[in-house]
Every structure is written in C-alpha cells, then in structure tokens.
Amino acid sequence: MTADELRGALLRHLEFSIGKDLPHATLRDIRVALSLVVRDRIVQPWFASTRRTYAARAKRVYYLSMEFLIGRLLEDAIVNLDLAEAVREAVGGLGHDVAAVLADEPDAALGNGGLGRLAACFLDSLSTLGVPATGYGIRYEHGLFQQRFEDGAQVEEPEEWLRQTHVWEFERPEAAFRIGFGGRVSENGARAVWTPDNAVVAQAYDTPVIGWRGRWANTLRLWGAQAIRGFDLARFNRGDHAGAAAAEALARAISRVLYPDDSNGHGRELRLRQEYFFTAASLRDILRRFRSEYGDDIAQLPRRAAIQLNDTHPAIAGPELVRLLHDEEGMEFATAVEVARGCLGYTNHTLMPEALERWGEGPIGHLLPRHLQLIERIDDWHARAHPGRRVAIRDRGEVGMGELAFVMAHRVNGVSALHTGLMKRTVFAELHRLHPDRIVNQTNGVTPRRWLLSANPRLSALITEAIGTGWEDDLERLSGLEAHVGDAAFRDAFAGAKRANKTAVARWIGGTQGVQVDPAAMFDIQIKRIHEYKRQHLNILETVALWLAMRDAPHAGWTPRVKIFGGKAAPGYTLAKQIIRLVNDVARVINADPVTGELLKVVYPPNYNVTMAERLIPAADLSEQISTAGKEASGTGNMKFALNGALTIGTLDGANVEIRERVGAANFFLFGMTAEEAEARRAVPGHAGQAIAASAPLARALAAIESGVFSPGEPERHHAVTKNLREHDYFLVCADFDAYWQAQRGIDEAFRDADAWTRAAALNTARSGWFSSDRTIRGYMAEVWDVAALV
C-alpha cells in the first residue's frame, strides 16, 4: 500500500466512518480513521487464514487465559504489515505528527503482568508461524485499575479504555451462550441434569491478531457478560428506576474488573463466576466449531483441538468439558475424562502453594453444584487408578485447582528449566511420581516484533545495518552481531542508540514526574507487579543505604544512578501497597536532597502498563531481576531487558538461570542464595535478625525508615514493612541484602568503564535470540499440542 493510497483511504474513513472532514478532524479522529485503514488491511488475511484452516481440516489451538495484556494495537499492526513508512508519509502529509497519533490510542486494559503479556506474545507468535489458533478471555470494561498516587499511597480508579469505541474488535451477536450458575442437580434416568437458577449471556467480541508480514491472522475472542433480560420496564414504570436495571448491573459485574478484590466473600464468589463464565463459553464455542466441521463424532475432539489452560484460572475446564461430554453428549464418564484429558494442557506459573488456587467446596457447590459432583468423581477415578496415592484434588473441604488441572491435562508444562525441575520436586512431587512423563518444560519467550523492532527502532536499525533483515522472525540470527561487537564503531553506535533512548526517557520523566534526571547516569530499572517475592523492598532498602553512604561522603566518586520503579499492587494486598508508599516516600526525600542531587534520583511513574514498558526498557542500563530464588517461575521482563541491551542483576531464579547461561556469566551480575540455600536459610530460627545484626548498611537503612526520616511526623508509617522484615522475612530480603549490596558496588565500578559496559550490553542483545516466543511456540507445537503450521 503506497502512501498516496493510504492517505486516500484515511480520508475516506474520516468522512464516511467518522463523519468529519480534514479541517475539523481531531487527533482522535485521525487515529481512529488510521486504525480503520490498517484494520481493513488485516481483514483479508484474517479471512484467508480462516478459510485455509477449514480447507486443511487442521487441528486448532485454543488458548484460555484470564489476561491478554495486548497494549496498544495500532503501531503493532503497522509494523507487522510493513506500513511504517507509508503511514509516516501519509499522516505527516495531512499535517499530523505520527508519534502523537499513535500515542492517542489507549492501552487495552485486559491484563496485569507477565501472565497476560505472555499470552499476548503467544498470540503474535502463533500468527507469525501460521498456526490456527484462538485466544479466549474476558472483555474487561475497567481492567485491573488505573493507578495514581495520593501522598505516596496507591489509589485505584477504574480504567476507562472502553469509554471510546474499540476500533479493533468485531461484535459477534451470533456467538452468544447462556452460562448458568447455582440451582440444583436431578437425575433423569442414568443422566444427571443441572438446572441453574440464574444465568447470564456470554457475548463474543473478536479482535484479529496479525502476524509478521501479514501472512496469517488469528483471533482473540473475548467474552462480555450480559443479562438475559437487561431492563425491567414494569419495575421502571412502578418507579423503581434503579431496580429496573439491577439484572443488567449484576450480569455486567462479571466482565467489569480483572481480579476483583478477593479479601471478602463477595469478591471470591465474583472471581469464581468469572473463571467459570469465560471457560464455559469458550468450551461451548470450541464444541460448536468442531461440530460445524466434523459432525457428531465428538470422540475425535483431541485430534482437532488443543486447549491450553494458562495457569489455574481456567482449571474448571476439566469438569466442565466432562460435563458437556458426559451429561449433554451422553458419553460414558471414563471416556469423557479421557477425551477431555486428550485436549487439555496446563501451564503452571507458580511454585508458591498459596498462589495455586484453592476453592472451598461450599462456594463451588453453591455456584456450580454439578461440577462439584464431577470433581468428586474425577478425584475418585484418579484414586482408583493410582491406589496408595498421597495427594488428592479434594482435601479438607477444599478443591485444589492446581491438582485438578494436573490430573485433567495430558501435558503440564513449566516455564523455565529451573521452574520445571522445582515443580517435579515440590508442588507436584507426588503427581509427578504418579505421572512421570506428564511434566515438560517450555521456557517462556517474548515477541521481537513488539519488544525490539517496534519498541526500540534505534537499536533495530543498527541491528539491520549490521546483519541485515530476517532476524525479526528468526531471532537467533542476532548471534551474527557477535562478529561486530569487537568493532569500536559498532560499539559507539550501540551506545549512541542507548543514549538517545535514555535522553527521550529523561525528557518524559521531567515532563510527567517533574523530576530532572541526567541521561548520563545509570538507569537502574525494576518494573513488574508489586509482590514480596519480587522484592521491590530489597531494592528500596539498598537505595536508602546507598543514599546514606552518599551523604556521608558525597565526593567519594560515586556512580550516579536513576532508580526507576513501576508496577501495581493488588487492591487487597496490604503489604505490597505499603511497599509502594515506602518507595514514593523515599523518592520524595532523596529527590529533594541537595547533597546527593547529582548522584541519586528515584522515580516511580504511576499506572505502569505495556506502553510504559515499551518506553522504559530500551533506556535501561541495569535490569533488576531480584526475586527470592525458587519463587519466580520464569519472568519475561528479564528477557526484554537483555534483548534491548541491559545488563541484569539477578538471583538464580526463573529464566535468569538460562539468560545467564546464554549471555555469559561475565555479562550478568549474580547475587544471592540458590533455591536450595534459600529453603535451608528460611528454616533457621531468627535468620532475619542475624542478617540485620551482621550488616551495618542494612541496619542503618531500617533504622532510618523506622525513625521517620522518610515520613516526618508519622514515624510509624512504614513499621508494617520493617516489622515484617525483622520478624518474618519469608522472602529473605535481609539474608540476601549484603550480597545484593556488594553486587551493586561492583556494578558501580563496571559502569565507569563505558566501553566495557557497552561491549557487555551488546553481547546481551546478540545472545538473547533464543528467548523469542516463536521458539517457545514451536516447543508447544511439538511437545504439547501436536499441531502443524499452515504457512
């Protein structure tokens, strides 16, 4: 498509789709018209991909996930369709700045962290590789929440991304399913009949996902909840105006908010409703599509459908699919279980038992009475097949969704080599003993189209200049950069791209946060969901200790740093929210200190999302991947940073292990205990107090926080954080502090040798090609799904 053709199409959409002429068009109008032009270019390959899938009678992948953190879609589509130059010329020719037009698009509020971003990367790779696939999730009206800070504390407000039309989606009124809850189960001969006492409609909304060069497009199908009867006119006419819309409000609550606060009973019930709602709708859609192609021979489903459960949220898929096959299709129970297992795969994302969902039998029995019966039968079936087993799905009045997902899946995969090994030895040790061939590893990856080509055009241009094109969908070609790393001119260009990215971020920080930072300083970044195991409090404790040391000797040759944090805490996660407030309080004091003003700044931009990550990651010098060893399943932020030429400070946790192996130990700053050492240390009584007593910088930092240095007039403000560290410290912040402190001082010294740092950064990029989500998907295709690409 030429620039002239694109300009003409944009003006036509502006006039006929939006109802504006160019002189009266707003920035939003231009962005929407451009999006419609680009969407038009996606529809044809989207339809062609669907037709080709039907013609080939190909097995399809169905990816069920509570989150799809897709971010902005316009620039992503422009890049994948190779329209960047035409768009720049066409939009610029109409008197508009392309960057401003792209920035006008709101982030789709459909996820929170790595789980959702991984799902989005997988959809991109499935389309790039030409694998027939559909992603299934929920169309959240208000997402997780929009984060702002008030006196340093997190305040949650609803996301309003759907206040304006979401131009990428197509509503599918014909794809709607009635989803029931509650009620009773009766017997009709040999068949159980579930009669729900309330129901909602799951309405489908489709977004096409285009792959690289537009060769293939798949579908993200999101479900919105609607009332069976949305408006009670009789109640309205009786004067009960609010009550007339009550049914609609209750139904829409299911698809309003991602991860509603589950610290209360109502929140827990809503979350269970959400999980069943989207899982049940997705399975019915899968069966509908199967019948349209293959008729009633439902036993062939495993040959035609690979259904992947992204964590335990859709684990109810096991009993629901058995219910559909057994109760509604009349299949024998044992056969139904085997057919369901033949379709289902389960990706585990956590080693923490408390994070593996467990639901009380009471709530499940109340909302899903038939499913509780089927879970009991599945558990009994498994027990009979494995006499003497030492684990059960139902235990002490609760249903373990991890155990349920494991039993009902033919493959269970971890997401890094370390994580997969630990799964076998810890959370699923007994199930692994019973099913030794079921667990496989598929180390996570990220899409290079989004996280390098689009997010970092300066570095991407340098890569293409050095090794040519083709790396965009064959990322291991980046290894060709190694031959250039010894060239001083290449290193200068690499450093120049990083410096330009840092300068742009410095301007953004100054304009949005009111903090002036020096692009020559080290940009030290930790951006991820706020959680104790991710140890943002270790980072801020070291920051406090560093600031105190700088104040003692401001002329001691310190390496200037800009510490950048980003991330949200779950609304009900009190300690994580207190860590956020501590970071902001520390930032306020340090940034106002004239003694250390040129040496240290701390910045915490609110409302971290995909767009902010795309801005910050290319500007990072140092990537903070400091989780307690044995707690992070994989991580994908660590991969994005390394790919963009940041060096990592990290523990031997998750995919850090594989990153260090591939980029080289000399190009990775390792600290801290191993998973085995961490477990042993945790068992030592008083381990936190011992660590504090042995570390003068740590003791001094804690004392400063507790004395109110960062909360004048309210010295007790952060005592919950420090008390947790002194008395519990399950995640071993104190025990790992000295190793972290020493590693950071080594980093100070390394950064002062700018050329050696650039060499190490360039080697990180050159050796990160293995961490492409294209490689991950090929692994799933061969070892989990048994599917083939069609391009």
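**Exercises on a predicted model**

**Exercise 1.** Which residues does Thr-443 touch, leaving out those up to four places away in sequence?

*Solution.* Start with the neighbour list: in this predicted model, Thr-443 touches Val-415, Ser-416, Ala-417, Met-639, Glu-658, Trp-770, Arg-775 and Thr-776. Next, place the residue: Thr-443 sits in the loop that runs between strand S16 (439-441) and helix H19 (448-454). Now look at its polar contacts. The Thr-443 side chain has one with the side chain of Asn-441, at 3.0 Å, and another with the side chain of Glu-658, at 2.7 Å.

**Exercise 2.** Work out whether Thr-443 and Phe-231 are buried, partly exposed or exposed.

*Solution.* You'll need the cut-offs: buried is under 20% relative accessible area, and exposed is over 50%. Thr-443 comes in at 1%, so it's buried. Phe-231 has 46% relative accessibility, so it counts as partly exposed. Phe-231 is also a loop residue, between strand S9 (217-227) and helix H7 (233-237). Together with Leu-233 and Phe-236, Phe-231 makes a nonpolar surface patch of about 290 Å².

**Exercise 3.** Check the span of helix H15 (residues 369-385) against its expected value.

*Solution.* First, count: H15 has 17 residues. Then take 1.5 Å times one less than the number of residues, which means an expected span of 24 Å for H15. Finally, compare: the end C-alpha atoms of H15 are 25 Å apart, which agrees.

Which residues of H15 are buried? They are Pro-369, Arg-370, His-371, Leu-372, Leu-374, Ile-375, Ile-378, Asp-379, Trp-381 and His-382. When reading that list, remember that an α-helix has 3.6 residues a turn, so residues three or four places apart point the same way.

Methods:
Residues numbered from 1 in each chain as written. Predicted model: local features only at pLDDT ≥ 70, side-chain atom pairs only at ≥ 80, totals over all residues. Heavy atoms only, no water. Patch = residues over 30% accessible without salt bridge, like charges linked within 9 Å, V, L, I, M, F, W, Y side chains within 5 Å. Areas by Shrake-Rupley, 256 points an atom, 1.4 Å probe, with all protein chains shown as cover. Salt bridge = Lys/Arg side-chain N within 4 Å of Asp/Glu carboxyl O. Helix = DSSP H or I, 4+ residues; strand = E, 2+ residues; numbered from the N terminus. Buried < 20%, exposed > 50% of the residue type's maximum accessible area, 1.4 Å probe, protein only. Polar contact = N/O pair within 3.5 Å; in protein donor to acceptor, adjacent residues only side chain to side chain. Contact = heavy atoms within 4.5 Å.
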